[in-house]
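Okay, thanks everyone, let's get going. I have one protein chain to walk you through today, so let me put it up on the screen.

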Amino acid sequence: MQAGNGDPGENRGAERKPRQRSRRRELFCPAHPEQKLLGNGKKYFLHLLTSEQLKQRGMPDGKARLVINAFPVLVLSNEWIEELFCADCGSSHWCHVVRLDSVNHTVRWAPRDLWQQVAHVDPVGGNPSVSQFTARQARRHSRKRSDGKSWFG
Ligand SMILES: [Zn+2]
């Protein structure tokens, strides 16, 4: 089946004014824009498996193919799934977080099919140990390349 929910290019739309009061990261509930989310910091980083997925993130076609050829499983360092608690919601949600800078992040509810990009972890009681190992391996490679420069900037 296809993971076909695409709003290509819409992701970086909302430019919040960066408030430089604190250096701590700020995550806001998609349903309650004023409410900060709390997480335990456990991140499930996303893997990109196809050049399509890179193109959706603004990479030119040719480059996307090169990158996927070089890194069949590219781990994004600035996108992950994290369980976050919102006091207004009164519950935790799995969220798709995109890091914009050290403070600002884009948060949305993680669609279930996004978990397909977190190696083979099942959100319901899955054991992430295997995938964490894989992620570490893959990150080691991608870090070499993305040193200093971001793919998507
Ligand atoms: Zn909320």
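Let me start with a question: how many residues lie between β4 and β5 in the hairpin they form? The answer is five. Before I go on from there, please keep in mind that this is a predicted model.

Staying with that hairpin for a moment, β4 and β5, the latter covering residues 105-109, pair in the antiparallel sense over five bridges. If you want to find the register on screen, V97 has V107 in β5 as its bridge partner, and V98 is bridged to T106, again in β5.

Now the overall layout. The protein chain has three helices and five strands, and from the N terminus you read them off as β-β-α-α-β-β-β-α. Of the contacts with a separation of 6 or more, 61% are between residues 24 or more positions apart. As for burial, 20% of the 153 residues are buried.

Next, the other side of β4. β3 and β4 pair in the antiparallel sense too, over eight bridges, and E83 sits opposite W94 in β4. These two strands form a hairpin as well, with four residues between them. Have a look at G90 in that turn, where phi is positive, about 75°.

And then β2 comes in on β3. Those two run antiparallel, joined by four bridges, with Y44 opposite I81 in β3. So which residues of β2 are buried on each side? On one side you've got Y44, L46 and L48, and on the other F45 and H47, with both faces covered. Put another way, five of the five residues in β2 are buried.

That takes us to the inside. The largest nonpolar core has 21 residues, and the ones with the most contacts inside it are L37, F45, L46, L76, W80, I81 and C95. The elements giving two or more residues to this core are β2, at 44-48, β3, at 74-86, and β4, at 91-99. Which of them gives the largest share? That's β3, with seven residues.

If you'd like one residue to click on here, try I81. Leaving out anything up to four places away in sequence, I81 touches Y44, L46, W94, C95, H96, A110, L114 and V118. Y44 on that list is the residue standing opposite I81 in the strand pairing.

Okay, on to the helices. L54 is in α1, residues 51-56. Is L54 buried or exposed? L54 counts as buried, because it has 23 C-beta neighbours inside 10 Å, and the cut-off for buried is 20 or more. Setting aside neighbours within four places in sequence, L54 is in contact with L48, M59, A64, V67 and I68. You can also draw a line from L54 to L74, 20 residues along the chain, and the C-alpha atoms are separated by 9.7 Å.

Just along from there is P72, in the loop between α2, residues 61-70, and β3. P72 has 13 other C-beta atoms within 10 Å, so it comes out as partly exposed. Between P72 and L49 there are 6.3 Å, C-alpha to C-alpha, although the two are 23 residues apart in sequence.

One more residue, this time from the segment before β1, which is 37-39: R23. R23 is exposed, and that's because there are 7 other C-beta atoms within 10 Å. What is R23 in contact with, beyond four places in sequence? S102 and V103. The C-alpha atoms of R23 and S102 are separated by 7.1 Å, with those positions 79 residues apart along the chain.

Last thing, confidence. The mean pLDDT of the chain is 75, and 63% of the residues reach 70 or more. There are two stretches I'd like to flag. Over residues 120-133 pLDDT stays under 50, and the model has 12 contacts beyond four places in sequence for them. Residues 140-153 also stay under 50, and there the model has 10 such contacts. Where pLDDT is low, the predicted coordinates shouldn't be read in detail.

Okay, that's my tour, and I'm happy to take questions.

Note on methods: Residues numbered from 1 in each chain as written. Predicted model: local features only at pLDDT ≥ 70, side-chain atom pairs only at ≥ 80, totals over all residues. Buried ≥ 20, exposed ≤ 12 C-beta atoms within 10 Å, placed from the backbone. Contact = placed C-beta atoms within 7 Å. Core = buried A, V, L, I, M, F, W, Y, C linked by C-beta atoms within 7 Å. Pairing = 2+ DSSP bridges. pLDDT = per-residue confidence, 0-100.
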